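Got the structure open in your viewer? Let's take a walk through it, one selection at a time.

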Amino acid sequence: MDFDIKKIARDASIELPEEYEEDIKEDLIELFDHMKHLLEADLEGFLPTFSMVEAKSLELFEDIVDASLSPEVFLESAPSIYERYFVVPRGSQEP
Amino acid sequence: MKIWEMTAKEILDLVSSRDVSAMEVLDSCFERISEVEPQINAFIELMEPVARLSAARVDSMLDDGENPGFLAGLPVAIKDNICVKGAPCTCGSKILENWIAPYDATVISRLVGQGAIIVGKTNLDEFAMGSSTETSAFGVTKNPWDLSRVPGGSSGGSAAAVAAGMVPIALGTDTGGSIRQPASFTGICGLKPTYGLVSRYGVTGFASSLDTVGPMGETVWDCALALDAMAGFDKLDPASYERRGVSYVSGIDREVRGLKVGIPEELLDGVSPDVIDRFEAVVDLLKDFGVEIQMLNIPSLTYAIDIYYIIAPAEASSNLARFDGVRFGKRAEAETLDQMYASSRGSGFGKEVIRRILIGTYALSAGNKEKYYVRAAKARTMLIEDFKKGFGKVDLMISPATPYAAFGIGEKIEDPLSMYVGDLITIPVNLAGLCALSMPMGFSQVSGTDLPCGLQVIGKPFDENTVLRLGYSIERAIEEEIRSKMGHMRRGLGLAREAELVD
């Protein structure tokens with residue numbers, strides 16, 4: 001089993017530090033090799049479990065305005081803002 | 001006995017009878033912290049000025065004849081992935097190093113609403129990904145029983161803070177064993193509640209179908225009391241359940257005769273002989289109590305590690321997408337937006353977090369999602385069904401909490417798979433949405449040092465009462481030995497610090 005570790009990192013939007021590349025690649029090989037056992041399991045008839053609950057809060061609530069924090073509170077933590085907007089560098093696809 | 005040596009119950013009794021003030025409790029707590037924290041590194045942030053204001057408020061309410069709540073004046077430490085308004089919340093990561101939480105997590109407002117005093121934020125593995133606190137960006141926490149060993153993780157700072165006598169209660173989070181394993185390594189109790197019982201609002205998400213928040217304390221009773229304050233429906237957590245009128249303290253001392261307790265054989269695989277010895281002694285004790293013991297088989301437990309290390313990283317890779325340098329946290333300078341995302345994340349996350357994000361990204365990628373993620377989710381259903389069958393025969397299950405006592409700092413950090421496999425006993429409880437208690441069951445002699453080892457008591461969903469009841473009955477039988485050795489260890493820590501200062 002081999003991994004294109006740079007492609008996986010690109011998919012995850014992570015600039016992978018060079019010193020991690022080999023180590024993490026080897027760890028992935030070892031871990032996914034360990035998964036062989038699971039790949040051979042007979043899972044016929046089992047539906048997947050993605051969530052543990054049928055939770056009450058997923059039910060509809062009354063449509064009333066509730067107290068919440070002001071946008072300014074969250075803007076305070078931002079690395080860069082202009083008025084009430086987050087400022088970021090230009091998108092890579094721009095001309 | 002000094003105040004910091006007392007359990008939560010003993011402290012609360014003294015405060016409510018007005019024999020000591022909340023401020024005197026806090027003085028003793030910070031005196032102990034200043035004495036031993038330089039050796040342990042349990043805290044990322046101490047909040048002494050705010051804690052003193054809170055203690056003064058509790059005392060003032062008591063002076064006026066008001067009731068500050070059933071945790072009045074109790075010092076509590078909080079794992080640093082839980083938001084406390086106005087305090088840093090680093091998650092043990094450089095990417096959140098300077099971020100200040102703008103609101104309280106629901107568990108914080110509930111504890112404070114009962115008069116608890118928040119004293120600080122404790123160390124953890126980065127984003128709770130690890131079993132030793134060695135992946136924290138703020139240094140490793142040391143195990144108070146042996147400073148060359150880890151306290152476990154990821155809630156290692158909380159566990160070490162309680163074990164060293166710095167606080168009587170701390171909060172942890174448990175996604176695959178992060179409360180129970182450090183509790184076992186440090187000789188304290190830790191409760192992983194049923195998924196949905198305690199709100200996660202304000203707790204940084206790691207793997208949302210597995211994450212839980214729970215109390216850690218010196219005794220089973222202390223954990224039950226903290227759970228009384230924390231549990232209950234919260235509309236701000238979409239996985240929250242309604243549980244009304246349940247008290248975890250009341251009925252805790254009911255006798256356990258006649259309970260049926262199962263031992264899943266698969267959870268004993270690979271457990272060290274000295275831990276098995278202690279476990280067998282507990283089994284004998286339970287038989288003496290009139291508990292019916294039977295061996296069980298949960299065949300799908302053999303898949304638990306594989307299931308967990310697909311589902312948890314897959315969910316983490318999605319949850320941690322929010323750390324991109326745009327709205328909060330570390331931002332790396334870059335020419336374009338894509339470069340900024342990648343560079344902020346590459347330089348902000350540590351190696352273990354990057355490793356897990358990449359595992360999850362791969363498992364969810366086109367062509368692999370069905371093969372790994374969906375397959376793991378199906379195997380999870382099989383595990384849940386197997387546990388249901390097991391609980392058709394018994395009221396509770398027990399096992400050791402960890403296969404071995406605390407390992408040395410640096411011993412496993414370069415071998416992630418070996419670290420992951422060490423979580424085999426705790427992980428299935430999260431996958432199946434059960435509740436479980438980790439509590440001291442005795443000591444293992446390693447290189448001439450007494451190291452604690454823990455018992456895990458597993459319950460059906462929302463059956464914390466029975467779990468705590470069994471734990472409490474065991475605790476009463478063995479607490480003399482545990483507290484005596486704990487006291488000896490704690491005095492040794494203080495003396496070591498005094499000697500260091502004299503030198």
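Start with the hollows: searching the whole structure, which is a predicted model, turns up eight cavities of 30 Å³ or more. To find the largest cavity, select Gly130(B), Ser131(B), Ser178(B), Tyr308(B) and Asp423(B), the residues nearest its centre among the 15 that line it. The space inside comes to about 100 Å³. Colour the lining by class and you'll get eight polar, five nonpolar and two charged residues.

Now colour chain B by domain, with domain 1 as 3–266 + 273–298 + 378–502 and domain 2 as 303–376. Each of these two domains gives at least three residues to the lining of the largest cavity.

Keep those colours on for the next stop, the largest pocket. Where does the largest pocket lie? Domain 1 and domain 2 of chain B both contribute to its lining, so the largest pocket sits between them. Select Tyr103(B), Val203(B), Thr204(B), Gly205(B) and Arg322(B) to land nearest its centre; the full lining has 24 residues. There is about 620 Å³ of space in the largest pocket, and its lining is made up of 13 nonpolar, six polar and five charged residues.

Next, go to the second largest pocket, with about 330 Å³ of space. Pick Met52(A), Ile384(B), Lys388(B), Ala432(B) and Pro461(B), which are the closest to its centre out of 18 lining residues. Sorted by class, that lining has 12 nonpolar residues, five polar and one charged.

Time for a helix. Select residues 220–230 of chain B, and you have helix 7. Is helix 7 enclosed or open? Of its 11 residues, 10 are buried, so the rest of the structure largely encloses helix 7. Among the buried ones are Trp221(B), Asp222(B), Cys223(B) and Met230(B). Step past the end of helix 7 to Gly232(B), which follows it and has a positive phi, near 130°.

Last stop: the cysteines. How many disulfides does the structure hold? Zero, over all chains. Show Cys83(B) and you'll see that the nearest cysteine sulfur belongs to Cys89(B), 4.3 Å away; a disulfide needs the two sulfurs within 2.5 Å. Cys83(B) counts as buried because its relative accessibility is 4%. Then jump to Cys453(B), where the closest cysteine sulfur, in Cys189(B), is 13 Å off, so a bond is out of reach. Cys453(B) is buried too, at 1% relative accessible area.

Notes: Residues numbered from 1 in each chain as written. Chains lettered and ligands numbered in written order. Predicted model: local features only at pLDDT ≥ 70, side-chain atom pairs only at ≥ 80, totals over all residues. Heavy atoms only, no water. Buried < 20%, exposed > 50% of the residue type's maximum accessible area, 1.4 Å probe, protein only. 1 Å grid on protein atoms, 1.4 Å probe; cavity = no way out; pocket = protein on both sides within 12 Å on 5 of 7 lines; lining within 4 Å. Points joined across faces, edges and corners; volume = space filled by probe spheres on them. Nonpolar A, V, L, I, M, F, W, Y, C, P; charged D, E, K, R; others polar. Domains from an automatic or database assignment. Helix = DSSP H or I, 4+ residues; strand = E, 2+ residues; numbered from the N terminus.
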